[in-house]
Amino acid sequence: MGTRLGELVERFGGQLAGEPNLEVSGIAPLTDAGASHISFLSNSKFRAQAAKSGAAALILTPADNALIGDEYAGARVVTPNPYVYFARAAQFFAALHEIKPEAGIHASAVVDSSAQVDASASIGANAVIEAGAVIAAGCVIGPGCVVGRDAIIGAGTQLLANVTFHARCVIGQRGIIHSGAVIGTDGFGFANEGGVYIKIPQTGRVVIGDDVDIGANTTIDRGALADTVIEDGVKLDNQIQIGHNCHIGAHTAMAGCVGVAGSAIIGKYCTFGGAAMVLGHLTIADKVHVSSGSMVSRSILEPGQYTGFYPLAKNADWEKSAAIVRNLSSMREKIRALEKTIKTLTKQDEK
């Protein structure tokens, strides 16, 4: 199943140079695309590959279109942001080939009689929907999922296989929670008395907005008293840990294995590279970008790119560098003393 190139342009815009009735069946990489595929050029360093691509059509910027010239013989869709155009076109082709689960409740699912499940929702095999839960229109609850007591799943949201969505937690519309994710686990809260830890009940919720994507095996802890909040449009990769009472601002994105400790407040439109860490009770402003592997140990109050890690080195060299860092304060005082001595000697020579 495919579509006309002209139909794509009608849907998503762009300037078409080529035959609008050309049939395309999907999107493929530059090196693999064939006569029925459309491909895209979002990084100019691959311009040579694009020029030689066998794709039926190419999505590219006005600048790259001009520079490729006649080297590429196929049709072209010229747009300011080819990567975004690719994402939208890819969604379109995926929808053409998607096999949607049938509405209804699988015979092996366990749904409490007090739960509200919209007739258009799909409840998969061995799923459990507990008392008072609300499953809105068009939801897909995959095989083996557990939706806890009084939890709310917004319209069109999908829980893929084996997601656990604990009691009283809320997610808005059009969300996707990938397999193995656990939403609403107890936060890590303990009081210490004489070396013995006493558990603090975690009575808050996790409240998630619309259009949020949560990756496989990611865990979001419920709040201790108040709620953990994930705002609209947040994108969380796989194996991320969000601690209790955190607040993640709208359209922030985190790559795999990021860890955010409890009560951290993170602004809107932030990005965090893989394995970045944020200590608890910190505040991070809007539009902050944290590099992979960085440790955020203090609040960041201004937007910008932040990086905090030592470059990789042989262990012996790293230990030498660490020893130097430990002695920097005393070295600074010695250098200052030497500078004063040099100035004094210089003045004496001038006399």
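**Stop 1: Thr-79 and its surroundings**

Start by selecting Thr-79: leaving aside neighbours within four places in sequence, Thr-79 is in contact with Ile-59, Leu-60, Thr-61, Pro-62 and Tyr-85. Before you go further, keep in mind that what you have open is a predicted model. Thr-79 sits in the loop between β7 and α4. Is Thr-79 buried or exposed? With a relative accessible area of 8%, Thr-79 is buried, because buried means under 20%.

**Stop 2: the sheet with β7 in it**

Now step back along the chain to strand β7, residues 75-78. β7 belongs to an open sheet of five strands, in the order β2-β7-β6-β5-β4, and the pairing is mixed. Colour β2 (15-17) and β4 (26-27), the two strands at the edges. Why is one side of each edge strand left without a neighbour in the sheet? β2 and β4 each have a single partner strand, so one side stays free of a neighbour in the sheet.

Zoom in on β2 and β7: the two run antiparallel and are joined by three bridges. To find one spot along this pair, select Gln-15, which stands opposite Val-78 in β7.

**Stop 3: two helices that cross**

Next, show helix α1 (residues 5-12) together with helix α4 (residues 82-97). Two packed helices are described by the angle between their axes and the distance between the axes. Here the axes come within 11 Å and cross at roughly 120 degrees. The crossing of α1 past α4 is right-handed.

Which residues make the contact? Turn on these side chains:

- from α1: Glu-7, Leu-8, Val-9, Arg-11 and Phe-12
- from α4: Tyr-85, Arg-88, Ala-89, Phe-92 and Phe-93

Sorted by class, the contact of α1 with α4 has seven nonpolar, three charged and no polar residues. Tyr-85 may ring a bell: it was among the contacts of Thr-79 at the start of the tour.

**Stop 4: the ten-strand sheet**

Move on to the open sheet of 10 strands, with parallel pairing, in the order β9-β12-β15-β18-β21-β26-β29-β32-β35-β38. At its edges are β9 (110-111) and β38 (295-296), and each pairs on one side only. Look at the β38 end, where strand β35 (residues 277-278) runs parallel to β38 and is joined to it by two bridges. Select Val-278 and you will find its bridge partner, Val-296, in β38.

**Stop 5: the largest nonpolar core**

How many residues does the largest nonpolar core have? It has 50, and those with the most contacts inside the core are Ile-141, Phe-165, Met-254 and Phe-272. Strands β24 (206-208) and β37 (288-290) each supply at least two of the core's residues. A second, separate core has 14 residues, including Leu-5, Ile-38, Ile-59 and Val-77.

Back in the largest core, pick Phe-272 and show what surrounds it. Not counting residues up to four places away in sequence, Phe-272 touches Thr-252, Ala-253, Met-254, Ala-255, Val-258, Ile-266, Val-278, Ile-284 and Val-290.

**Stop 6: a hairpin and Arg-205**

Select strands β22 (residues 190-193) and β23 (residues 196-199), which pair in the antiparallel sense over four bridges. Together β22 and β23 form a hairpin with two residues between them, and Gly-194 in the turn has a positive phi of about 60 degrees. Within the pair, Ala-191 stands opposite Ile-198 in β23.

Finish with Arg-205, in the loop between β23 and β24. Arg-205 is partly exposed, with a relative accessible area of 29%. Its contacts beyond four places in sequence are Arg-168, Val-170, Arg-222, Gly-223, Ala-226, Asp-227 and Thr-228.

Terms used:
Residues numbered from 1 in each chain as written. Predicted model: local features only at pLDDT ≥ 70, side-chain atom pairs only at ≥ 80, totals over all residues. Heavy atoms only, no water. Core = buried A, V, L, I, M, F, W, Y, C linked by side-chain atoms within 4.5 Å. Buried < 20%, exposed > 50% of the residue type's maximum accessible area, 1.4 Å probe, protein only. Contact = heavy atoms within 4.5 Å. Axes fitted to C-alpha atoms, helices over the stretch in contact; angles between N-to-C directions. Left-handed = near helix turned anticlockwise from the far one by under 90°. Nonpolar A, V, L, I, M, F, W, Y, C, P; charged D, E, K, R; others polar. Pairing = 2+ DSSP bridges.
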